[in-house]
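Hi,

Here is the structure I promised to pass on. Have a look at it first, and then read my notes below with the model open beside you.

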Amino acid sequence: MDVKQEIDRTRHPDVDQDKLVLYVKKALPAPTMNSLKPLILIEALSIPHSIHIVESLSEETWYRDVNPYQLAPAIEDTETCEETATGERRRLCVFDSTAILLHLAEKHDGGGGGGTFRGGDVAERAAVTSWLVAYAAGLGATGEWWLKLRRPRGMEEALRVVADSVRREYDVLERRLGEPGQGFVALPDRPTIADFAIQPLANAAVAASAGIDFAQWPRLGAWSRRVADLPYVKRAVHRNSRLGMSEEELVEHGLLPAGE
């Protein structure tokens with residue numbers, strides 16, 4: 001008789017020590033957009049990494065040491081740092097998808113002239129940081145509530161207020177992309193971590209889920225499709241939609257043809 005081994009939810013799991021570890025939730029019932037953001041940059045910069053699925057963010061108490069808010073994603077990097085209170089050395093932890101983007105870009109985006117995705121000089125980095133932080137405080141925050149409120153019944157009025165805030169965010173982005181030569185949000189000539197953060201909440205599919213006609217913002221729509229078509233973004237989206245899913249689950253949800 002097989003006896004299922006009890007998992008110690010207080011013990012930090014055995015993970016790779018020689019590469020970055022990205023902690024995420026399983027992509028069911030739906031993949032999170034926050035996990036997609038670091039995956040895009042990881043794919044773009046070919047950062048060595050492994051992925052660990054946190055089965056229960058609330059019950060796996062060890063995870064509090066990685067992210068005190070017990071939310072995903074978070075990372076443990078290869079560096080160690082000294083804990084002020086205990087003096088012990090522990091792996092460097094970064095939580096919040098925006099903070100992860102900034103950390104990974106600062107650490108890995110330095111070759112070939114430097115700053116492809118974070119900005120190559122002071123002016124470029126100021127633009128990238130401004131749009132990234134503005135996203136985190138604006139569309140990122142309102143979009144998170146928007147996606148949560150669209151499920152429960154009786155939240156129609158709250159959803160309307162949040163959706164109006166999202167529309168205003170889209171208006172700002174539409175104006176930005178209407179400036180002469182502005183092909184991307186932060187920098188005119190290339191995508192940056194600001195685009196990687198914004199696009200998962202600024203696209204036709206997400207807008208349609210809240211009854212918003214994305215066609216009202218044609219420049220934003222063209223930009224969104226342009227970012228979505230980048231090869232490393234496609235790879236990240238593919239991976240993010242399958243995180244932690246078994247072959248049977250992939251087939252059940254139409255992500256893998258039966259028999260493959």
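Start with the side chain of Gln 182, which reaches the backbone oxygen of Leu 187 at 3.4 Å. A polar atom of that Gln 182 side chain also lies 2.7 Å from the backbone oxygen of Phe 184. To find the spot, go to the loop between helix H5 (156-177) and H6, where Gln 182 sits. Is Gln 182 buried or exposed? With 11% relative accessibility, Gln 182 counts as buried, because the cut-off for buried is under 20%. Leaving out residues up to four places away in sequence, Gln 182 touches Arg 176, Leu 177, Leu 187 and Pro 188.

Before you go further, keep in mind that this is a predicted model. The mean pLDDT of the protein is 87, and 85% of the residues reach 70 or more. Confidence is highest in helix H8 (residues 218-228), at a mean of 98, and lowest in helix H4 (residues 139-149), at 62. Over residues 1-5, pLDDT stays under 50, and the model has 0 contacts for them beyond four places in sequence. Where pLDDT is low, the predicted coordinates should not be read in detail.

Next stop, Ile 198, which you'll find in helix H6. Ile 198 has a relative accessible area of 1%, so it is buried. What does Ile 198 contact, leaving aside its neighbours within four places in sequence? The list is Trp 131, Tyr 135, Leu 139, Leu 173, Val 185 and Trp 223. Here's a nice one to check on screen: Ile 198 and Leu 132 are 66 residues apart in sequence, yet their C-alpha atoms are 7.9 Å apart in space.

Now for helix H2. Its 12 residues (97-108) should span 16 Å at 1.5 Å a residue, and the C-alpha atoms at its two ends are indeed 16 Å apart, so the two values agree. The buried residues of H2 are Ser 97, Thr 98, Ile 100, Leu 101, His 103, Leu 104 and Ala 105. What do these buried residues pack against? Their partners are strands S1 (20-24), S3 (74-82) and S4 (89-95), along with helices H1 (33-45), H3 (122-137) and H6 (193-198).

Have a look at the start of H2 as well. There, a side-chain oxygen of Asp 96 comes to within 2.9 Å of the backbone nitrogen of Thr 98. Asp 96 is in the loop between S4 and H2. Its phi is positive, about 85 degrees, although Asp 96 is not a glycine. At 43% relative accessibility, Asp 96 counts as partly exposed, because that class runs between the 20% and 50% cut-offs.

Gln 70 also has a positive phi without being a glycine, in this case about 55 degrees. You'll see Gln 70 in the loop between S2 and S3. Gln 70 has a relative accessible area of 19%, so it is buried; the cut-off is under 20%.

While you're in that part of the chain, find Pro 73, which lies in the loop between strand S2 (49-53) and S3. Which form does the peptide bond from Ala 72 to Pro 73 take? That bond is cis, with omega near 10 degrees.

Cheers

Key:
Residues are numbered from 1 along each chain as its sequence is written. This is a predicted model: local features need pLDDT of at least 70, side-chain atom pairs count only at pLDDT 80 or more; totals for chains, interfaces and linings use all residues. Side-chain values use heavy atoms; hydrogens and water are left out. Helices (H or I, at least four residues) and strands (E, at least two) are DSSP runs, numbered from the N terminus. The expected span of a helix is 1.5 Å times one less than its number of residues. Buried means under 20% relative accessible area, exposed over 50%, partly exposed in between (1.4 Å probe, protein chains only). Contact means heavy atoms within 4.5 Å. A polar contact is a pair of N or O atoms within 3.5 Å; within protein, one must be able to donate a hydrogen and the other to accept it, and residues adjacent in sequence count only if both atoms are side-chain atoms. pLDDT is the predictor's confidence in each residue, from 0 to 100.
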